[in-house]
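Student: I have the chains open in my viewer and would like to test the vocabulary on them. Could we go through the terms together?

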Amino acid sequence: MPEANLQARAVSKRYGTQRVLDQLDLSLSPGQTVCLLGPNGAGKTTLLRVLAGLLRPTAGEIRLDGAPLDFTHSAARRQFGLVMHQTYLYEQLSGPENLRFYANLYQVDLSEGSLQALLRRVGLNPTRPTPVRAYSRGMKQRLTIARALLPSPRILLLDEPYTGLDMQGCQLLNELLQQERAQGRIILATTHELSYVLQVATHFAVLARGRIAELFPNDELSLDALQSRYQQLAQPVKAEARP
Amino acid sequence: MLSKNKLLDILTILTVVLFFGVFAMVLFYAPIEVNMGLVQKVFYFHMASAWIGMLAFLVAAVAGVLYLVRRNPRSDYLGASSVEIGLVFTAVANFSGMIWAKPIWNTWWTWDPRLTTMTIMAFTYIAYLLLRRAMDDPARRAQFGAIYAIVGFATVPLTFFSSRLMRTIHPTIFGSGETDMAMNAPMYQTMAAAVVMFTLLFAVILWHRVRLMAARQHLAGLQAARDEAFDGGGQHA
Amino acid sequence: MKNSLKTIRVLVWKDLVQEWRSKDMLTAMFSFAVLSLFIFNYAMELDPASRADLAAGIIWVVIVFAGTLGLNRSFTAEQDQGAFDALMMAVPDLSLIYFAKFITNFLVMVFLTLLVIPIYSLLYNQALFAPALGLVLLLGAWGYSAAGTLIASMTVQTRMRDLLLPILLFPLLMPVNMAVVKAASAVLAGVALADVSGWLNLLVVYNVIMTTISIMVFAYVIQE
């Protein structure tokens, strides 16, 4: 398995006059599962989209394996698995049909057996023919996770992946992430479900004021310790500025 | 860039002078046309305005290409300004055309190729401006504007040829054979002067408009930076 | 090359299945077209001869307006479920996405035309069976879909969405409108195809230019 190294170098992103990301540096290595923390609106989703090559940064660059990530060719993008707020699913197609559709686009050979195995891996019934329109939010979430895994991506970018998942689903996702990490994947996830992510994260990164305030390892942190560390990093200046 | 620009000031004054100069030419130097009478004098402004309407669209399309290639915001300002100004000149061309047409052909509107094409071009301009208004992110707004300007400009010659294939009652000025409007040397000279003056007018207004846009953006940037500093670098919306 | 064709085929299949299973757009277009034809009847209480001259024009106008319903819908699935991102991640050449959408929209236009013609024929008791007419309308559908797909891909990403599509699209379609109506009228009146070659050539030129430009700029439309 080749070493994959994903780097953001001095990445800035402005929307008009609003600076969302400001000279941000971040380096991710294989086998790391990094949890990105930050207040609402801090730019976590923006950062994920820039890393995936979907959003062009105003300044700075993304490097994959030492070479700049070419924004125009998605051959490199096939190495990414994305789970975002939107489901990326086609409502009139069934679960298996959605997966076969994306498998065809990715040019991945999806045999009936692998399809069923993949669906079982995310806890979905492999034989269900109902259209996605009839799925619950949690089921859609499981399906889109399966969709992200189709090209066996080296890099997983997950934006609030626990959304809609019940307790069983959350545990299943954790198992999945641990399996992927064992295979040497790079995983970056944003979430507010601190109790769940504590079980799988190797590192935590706090995004505040457009940059990574700190990247620290998960050394047997308790939930309280993590929360206080996060509060500290995310809001210090505001607390002092008010008299 | 934002300080007073000497060249622009000189050109502005020159334009004003030329405007009055050409106006005088039209009134006193150019003779009264044999067939159409005094109202024909509208033609000089009408034709010059129409020419500028076309030129403005070309500028917008070129600015669009430049923006897609280099992503320089100034290209976007240039394109948007050009469309705004071009729309005004096209409206002037249409109205002056109508003023001219009514006494001569006894109709306000004629479905003739040039008029039709200019009007459709005006609708394209308006669509461009509406498209920009419907977009919040400045970078995407510029991108979409550029694309629409390019596509819109590409359809103009096609629209012209289609409408020409349909019918013509627009007076032919330069052609041989039937000429509805008898032109002599002083009239050609006045026409040329009008075109030159209008082109300069367009360039000067365009330059002013682009500077205004750039200044506005700059101001907005300063305001945002000030707000951020005051907030202590707090949450972004 | 083989991969590109397969990608296009997969994308078109997905769009067709999506629409076939919901049938929202198809029923809306069909209703709109038939109702429009009814309305035209009250607008034009003419003798059959005059009405026959107008047939081509009315048919094309109905198709143009009903077609916007289809165009508006063609990208909503991608926009609402965010699938633009997913397609960008999976498809190397973004112009393939345009091409597939174009084909889908073209097929929808053809379907619409095949509905409108017999219904018009029925309501107004006018024989419209002429293969040459089919050719003219096909060329028109090509131009309409080429421009419409590009514009729809933009307007779906704006605040005004559906409202903006006709405003942006119709000025660009003027050459097509003129050519189709003139050529179709002539053909229905019995003129030979060779005699309307001017209009047909214009249509082909427009179609090629519009399709080419659209393919070239499409990447800029869906990429941020």
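Student: Let's start with handedness. Which hand does the crossing of α3(C) and α7(C) have?

Tutor: The crossing of α3(C) and α7(C) is right-handed. Keep in mind as we go that this is a predicted model. Helix α3 (residues 48-74) of chain C packs against α7(C) at an angle of about 35°, and their axes are 10 Å apart.

Student: Which residues meet there, in α3(C) and in α7(C)?

Tutor: From α3(C) come C:Trp60, C:Gly67, C:Leu71, C:Asn72 and C:Ser74, and they meet C:Gly140, C:Tyr144, C:Gly148, C:Thr149 and C:Ala152 of α7(C). By class, this contact has 4 nonpolar, 6 polar and no charged residues. Glycine is counted among the polar residues here.

Student: What makes α6(C) oblique to α7(C)?

Tutor: Take the angle first: the axes of α6 (residues 95-124) and α7 (residues 131-155) of chain C cross at roughly 140° and come within 9 Å. Roughly antiparallel would need an angle over 145 degrees, and roughly perpendicular one of 65 to 115. The crossing angle fits neither class, so α6(C) is oblique to α7(C). The crossing of α6(C) and α7(C) is right-handed.

Student: Which residues of α6(C) and α7(C) meet?

Tutor: Among them are C:Tyr98, C:Phe102, C:Phe106 and C:Met109 in α6(C), and C:Leu137, C:Trp142, C:Tyr144 and C:Gly148 in α7(C). The residues of this contact divide into 10 nonpolar, 5 polar and 1 charged.

Student: Why is α5 (residues 83-90) of chain C described as largely enclosed by the rest of the structure?

Tutor: The test for a buried residue is 20 or more other C-beta atoms within 10 Å of its own. In α5(C), 8 of the 8 residues are buried, so the helix is largely enclosed by the rest of the structure. The buried residues include C:Phe84, C:Asp85, C:Leu87 and C:Met88.

Student: Against what do the buried residues of α5(C) pack?

Tutor: They pack against elements of chains A and C: β6 and α2 (95-105) of chain A, together with α4 (76-80), α6 and α9 (197-222) of chain C.

Student: Now to chain A. What makes β3 (residues 33-37) of chain A mostly covered?

Tutor: The same burial test is applied to the strand, and 5 of the 5 residues of β3(A) are buried. A:Thr33, A:Cys35 and A:Leu37 point one way, A:Val34 and A:Leu36 the other way, and all are buried.

Student: How do you know that β3(A) pairs with β8 (residues 186-190) of chain A?

Tutor: Pairing asks for at least two bridges between the strands. β3(A) and β8(A) have 4 bridges, in the parallel sense. One of the bridge partners is A:Leu188, which belongs to A:Val34. β3(A) also pairs with β9 (residues 203-208) of chain A, in the parallel sense and over 4 bridges. In that pair, A:Leu36 stands opposite A:Ala205.

Student: What makes β6 (80-83) and β10 (211-217) of chain A edge strands?

Tutor: Each of them pairs on one side only. The order in this open sheet of 6 strands is β6-β7-β8-β3-β9-β10 (chain A), and the pairing is mixed. Neighbouring strands are turned by 15° against each other on average, direction ignored. Within the sheet, β7 (residues 155-159) of chain A runs parallel to β8(A), and 5 bridges join them. In β8(A), A:Leu188 is the bridge partner of A:Leu157.

Student: Which strands of chain A does helix α7 (residues 223-234) of chain A lie across?

Tutor: It lies across β3, β9 and β10 of chain A, at about 30° to β9(A). Helix α4 (residues 137-149) of chain A also packs on the sheet, touching β6 and β7 of chain A, and its direction makes about 170° with that of β6(A).

Student: And chain B: how many helices and strands does its secondary structure come to?

Tutor: Chain B comes to 6 helices and 0 strands. Of its 237 residues, 35% count as buried.

Student: How many residues do chain B and chain C give to their contact?

Tutor: Chain B gives 26 residues and chain C gives 25. On the chain B side, the largest share, 17 residues, comes from α5(B). That side divides into 18 nonpolar, 7 polar and 1 charged.

Note on methods:
Residues are numbered from 1 along each chain as its sequence is written. Chains are lettered from A and ligands numbered from 1 in the order in which they are written. This is a predicted model: local features need pLDDT of at least 70, side-chain atom pairs count only at pLDDT 80 or more; totals for chains, interfaces and linings use all residues. Two residues are in contact if their C-beta atoms, placed from the backbone, lie within 7 Å. Helices (H or I, at least four residues) and strands (E, at least two) are DSSP runs, numbered from the N terminus. Axes are lines fitted to C-alpha atoms, for helices over the stretch in contact, and angles run from 0 to 180 degrees between N-to-C directions. Angles under 35 degrees count as roughly parallel, over 145 as roughly antiparallel, 65 to 115 as roughly perpendicular and the rest as oblique. A crossing is left-handed if the near helix is turned anticlockwise from the far one by less than a right angle, and right-handed if clockwise. A residue is buried if 20 or more other C-beta atoms lie within 10 Å of its own, exposed if 12 or fewer, and partly exposed in between; C-beta atoms are placed from the backbone.
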